[in-house]
Amino acid sequence: MHMDGPLRTVFEQYGLFVAHHAVAFVLYPVVITLLFSAGLSNFSQQLDLDKLYTPHGSPFEAETEAVERFWNSDDNNAKQSYLVQVLFENNGANVLRMRTLPLLLLLKSVLQQSSGATNPNIRFRYPFMESLDLRLFIGYNIMDVDDKAGEAKIITLNYPIVTNSTAMMKEVDAFDAALRNYLSKVCNKDKGLPCIHFSRSFLMQQAMKSALALVPAIGFLLLFMLGFTICSNISIGKPAMDKRWEGAAGCLSSVMAIFSSVGLLLYFEIPLNGTIVAVPFLAMAIGIDDTFLTIQAWKLTSPKLPPERRLSLALRESGVAITLTSMTDIALFSIGLLSEMPAIQVFSLYTAAAMAFDYIYQMTFFSAVVYLLGRNEDKKTSLFWQCRPIRKIKAGEGNAMQIKTTNKSFMVTVGMLFDAYIPLLRKPIVKLSIGIAYILYLAVAFWGCSQIRVNFTASKLVVASSPARRFSELMDHYYLKTTELHVFIQKPPDFRNDTQLMRFLEFVRILESTPYSGGPSTTNLWYHSYANYMQLNKFPKEEFYDHFSTFFQRDQFRQHLAEIRWRNESCRMGGLECISGFYFTTNFHTKEGSKGWVRISHLWRQISFNFAEFEPIVYGARQAFIADQLTSLPPSTLQTIGAGILSLMIMTAMFIHSLTGVLLVGSMLLSTDVGVVGLLTLWDTDLDPISMINILMSLDISIEYVTHICHHYFRVKDKDGAANLHDSLMAVGWPVIQGAIATVLGVLPLTFVDYYVSKTFFKTCFLVVATGIFHAFVILPILLLSIGRTAASSKWNSH
């Protein structure tokens, strides 16, 4: 079904309708914006990074849910495992020095006073800590160790806390904040031994704080877009062509769309997250492009026509083009809703809503403003914002779009440039040169795509100045080499039954004997201590569950209490049915970094599957999260790009009647996106959820360029290819260039913040504008000139 012809007729009549009810079309969108903006009072945000960036249906998501069930298996109180970490490092220098010990002991005394846990009977024999008959692996607490020199570069103190109520969680948050303040004072006294406090809640706070650091850049964007659109539409020499306030209204229309979309979705309790900061940039970029198209279409109408007729003809031209790109924008981000990543889903939802409101307000509010200001122009009134009175124009009738070539205006200059540019593109030497350049472009782009690195770490979500940044970078470096895995047993064996016991110990032995395991010495399992205790006291195995009370009263074994899930408090006295689950820890390591954990996570999941009777969950929070990212991101990105391009081609086919035109749009989009992905990789950008959002965004921006030119070109029949191309560039070329310039300059302030998210956004915008303009104004014109009339006459439906 071809919508171009009927839509042109609809918009022609719609323009007359808007002109007859212009005041209402201005007021109603403003009122709607105010109503929807009330939803901002329902402000909420999602700070849990695991929930935002864990793919739906991934093994890690299921494992996380199982671990949450484990912590809440014994009562109705919502329990959470909370980890507070303190890291000591000295920029790669040795931290095992005499002045380190007093600070560690001071911190130990403060924390133990808070937790009530003390044990003086401790000795260190790296990589183990021994307390009476308890032996713990501490290779992930003291890292990058040189045994001979007695040096280490990192010391971490880890304090796990299990909360069992909302009130207790608030107390832990208060303790976390107090500890952070205390450390900032203590550590600042010794510049040679900085310490870094870290916790999950602190990372979430810092991630949101980093996202909010872009708010000034958003403010600059709004001011810049306002100034750019006003300045771009000032015409001092020809006041009748002065459209500065129309440009300002276009900016206001986009701002209204932003407030309406965000307010509406917050009203329906869809929380914000750090990715939403990109929505204002997108809404402004697309909205300004539509503004330039409508203003240009108005300028191309005859000033002799009544303002109602001028708006009718302007919307007949720009309305279809704006509808085309808006529908493709909405369709593209609707594809993003199918992503497995919650952060991408929320970003796509907010962006699709902003695009929808942007389109609605462009067709209502902005169109009405263009008419009202144009009506003043038609009445020959001396407008207060213009520098001189408008020269009186004799009224006359007309029904065609026209430009006065005798007018020494800026558009005449643009036309002269296109007059010289198109014949230049037809020269063989120019075609050959551009062909070679395009081949080199594709070669570099595909080579860049082959070098894609899949990598996503917490350090990318905070600014460089954040205290969490340094900690995250160090942990990314060290914890991707070795980690302590928690193994949760949801269906414990009967330890009195030899068959079940041996089966369980076989499971532990296999975990300890993989090529990536630290071995039995790195395993901390309460059963081993309890079995030794029973053997020492010569208790028979039939009494296995009868001596918990005396065992856990001993200081060296009291830590194991937190590892066992009891059905109720009285169960700690003993009984088979009292233990609903337990966990133990063991060490895994790899020299391959993040890639190694893909193989390792697959291995431990396979081992768990082979011992399904215990319902074991081998849980490596950071490592499993990264492994699933590495596994899911490449196919998810390819599916998103493929589905996005396909949906854009389908939407384009509804407006462009030529199969050749649709294929050209699709091929240009694919070529542009390959270039953006490849060049982003060469520009030190990894494939991660942030870049995936930007890749989706690149399709949205690039469609604006080639589609407008192809839509105008293939709409005209029986016309020479060069003349048709010239008319197309004259009609939409300069507005497209204006929008491209505004996009790049508008996102330039993002580079002022040392933040991976903002820098990736800027890189993507810059590359998509550069490659999009290259395709729209170099590659596409050469192809259109080469196929000439064949393209214009190759219709799907012959009439």
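Trainee: What makes Cys765 count as buried or exposed in this structure?

Mentor: In this predicted model, Cys765 has a relative accessible area of 2%, and since buried means under 20%, Cys765 is therefore called buried.

Trainee: How do you know whether Cys231 is buried or exposed?

Mentor: The relative accessible area of Cys231 is 56%, and the word exposed applies over 50%, so Cys231 is exposed. As for cysteine pairing, the structure holds zero disulfides, where a disulfide would need a pair of cysteine sulfur atoms within 2.5 Å.

Trainee: Turning to the aromatic rings, how many aromatic pairs does the structure hold?

Mentor: There are 54 aromatic pairs in the structure, and one of them is made by Phe228 and Phe292.

Trainee: Why is the pair of Phe228 and Phe292 called edge-to-face?

Mentor: The ring centres of Phe228 and Phe292 lie 6.1 Å apart, which satisfies the requirement that centres be within 6.5 Å, and their planes stand at 80 degrees, where over 60 counts as edge-to-face; the pair is therefore edge-to-face.

Trainee: Which parts of the chain does this pair link?

Mentor: It links distant parts of the chain, because Phe228 belongs to helix α8 (residues 215–232) whereas Phe292 belongs to helix α10 (residues 278–299), and the two residues are 64 residues apart.

Trainee: What makes Phe228 and Phe292 buried?

Mentor: Phe228 has 15% relative accessibility and Phe292 has a relative accessible area of 2%; with the limit for buried set at under 20%, Phe228 counts as buried, and so does Phe292.

Trainee: Helix α8 also contains Ile218, so why is Ile218 called buried?

Mentor: Its relative accessible area is 16%, and because buried means under 20%, Ile218 is buried. Not counting residues up to four places away in sequence, Ile218 touches Val277, Pro280 and Phe281, and the C-alpha atoms of Ile218 and Val277 are separated by 8.1 Å, although these residues are 59 residues apart along the chain.

Trainee: Where is Ser459 placed, and what makes Ser459 count as buried?

Mentor: Ser459 sits in the loop between α14 (428–450) and α15 (467–478), and its relative accessibility of 10% falls under 20%, so Ser459 counts as buried.

Trainee: How do you know that the side chains of Ser459 and Thr457 make a polar contact?

Mentor: The contact between these two side chains is given at 3.0 Å, and a polar contact requires N or O atoms within 3.5 Å. Leaving aside neighbours within four places in sequence, Ser459 is also in contact with Arg469, Ser472, Glu473 and Asp476.

Conventions. Residues numbered from 1 in each chain as written. Predicted model: local features only at pLDDT ≥ 70, side-chain atom pairs only at ≥ 80, totals over all residues. Heavy atoms only, no water. Phe/Tyr/Trp six-rings, centres within 6.5 Å; stacked < 30°, edge-to-face > 60°. Helix = DSSP H or I, 4+ residues; strand = E, 2+ residues; numbered from the N terminus. Buried < 20%, exposed > 50% of the residue type's maximum accessible area, 1.4 Å probe, protein only. Polar contact = N/O pair within 3.5 Å; in protein donor to acceptor, adjacent residues only side chain to side chain. Contact = heavy atoms within 4.5 Å.
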